[in-house]
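The following note comments on strand pairing and on nonpolar packing. Please read the points alongside the structure.

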Amino acid sequence: MATQPEIQDELRRLRARVPQLTGALATGANGGLLAQDIPGAEPRTVAALVAAAHGTAVRLADGTGQGAFRELLVRGADGHVATFAAGGTAVLTLLAEDRVNVGRLLLEGRRSAARVAHLLDTHATTTATPAPTTTPRAPAPAKPRSAKHAAAAPPTEPAPAPPAGPPAHSPPAPAPEPTPGPTADPADPADPRTGTTHPATTTNSTTTATTHGTTTSAAHSNARTSRDS
């Protein structure tokens with residue numbers, strides 16, 4: 001059996017309450033060592049002797065009709081050995097000086113044996129009972145809405161889809177048509193410096209030439225009329 005720290009603390013407190021104690025140990029019914037506080041002695045050797053004495057005391061009490069074993073007190077020339085039943089699975093053994101108060105020894109031994117039995121029962125219950133595991137709960141299914149609520153709820157319009165291609169550009173505005181200017185006469189001479197014609201100058205020259213020609217024709221007609229006269 002493994003040593004229990006709580007039982008070890010109980011043995012130390014017991015020795016503090018009874019100063020005449022020279023040692024204390026807790027063993028299983030089969031002699032397994034649980035905890036010990038025996039300076040100057042071999043704990044496993046003492047545990048084996050306690051197991052043998054406990055077995056004999058159990059058979060003696062049962063064989064003589066005294067019932068279940070409770071405690072065993074051995075008095076020697078130099079001291080006492082007291083063994084107490086600690087539940088059904090453990091035994092508490094105390095070593096004391098000869099001058100110890102036997103009544104105090106038995107009283108404190110019974111209290112500590114009950115305490116050891118309680119610690120072993122608690123440890124056995126904790127080990128045998130697994131810790132409860134928490135299973136995550138599945139989320140509850142969504143509650144279907146009634147037809148009335150479905151009709152009262154406004155329809156949800158889908159968001160407009162973005163255009164698939166680049167945004168379309170409007171066609172450029174048509175350029176204004178040029179206003180036709182005066183048409184140059186192909187026969188008009190061009191400016192020798194720029195190579196361009198001067199429609200206004202050509203038109204004025206033509207008009208002047210035409211007027212001059214008309215005047216000349218009128219003069220010739222008048223002279224012919226005078227000669228004929």
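1. In this predicted model, Ala24 has Asp37 in E2 as its bridge partner. That pair belongs to an antiparallel arrangement in which E1 and E2 are joined by four bridges.

2. E1 and E2 also constitute a hairpin, with four residues between the two strands. Within the turn, Gly31 adopts a positive phi of about 100°.

3. E1 is likewise antiparallel to E5, and seven bridges connect these strands. Here Leu25 is paired with Thr93 of E5. As for burial, seven of the eight residues of E1 are buried, leaving the strand mostly covered.

4. The largest nonpolar core comprises 23 residues. Ile7, Leu21, Leu34, Phe84, Leu94, Leu105 and Leu120 are those with the most contacts inside this core. At least two core residues are supplied by each of helix H1 (5-17), strand E1 (21-28), strand E2 (33-37), strand E4 (79-86), strand E5 (90-97) and helix H3 (102-128). H3 provides the largest share, namely six residues.

5. A second core, of eight residues, lies apart from the one just described. Its members include Leu25, Leu33, Ile38 and Val91. Leu25 is thus named twice in this note: as a member of this core and as the bridge partner of Thr93.

6. Which residues does Leu105 contact, leaving aside its neighbours within four places in sequence? They are Leu21, His80, Ala82, Phe84, Leu94, Ala96 and Val100. Among these, Leu21, Phe84 and Leu94 are also listed, with Leu105 itself, among the residues that have the most contacts inside the largest core.

Terms used. Residues numbered from 1 in each chain as written. Predicted model: local features only at pLDDT ≥ 70, side-chain atom pairs only at ≥ 80, totals over all residues. Heavy atoms only, no water. Core = buried A, V, L, I, M, F, W, Y, C linked by side-chain atoms within 4.5 Å. Buried < 20%, exposed > 50% of the residue type's maximum accessible area, 1.4 Å probe, protein only. Contact = heavy atoms within 4.5 Å. Pairing = 2+ DSSP bridges.
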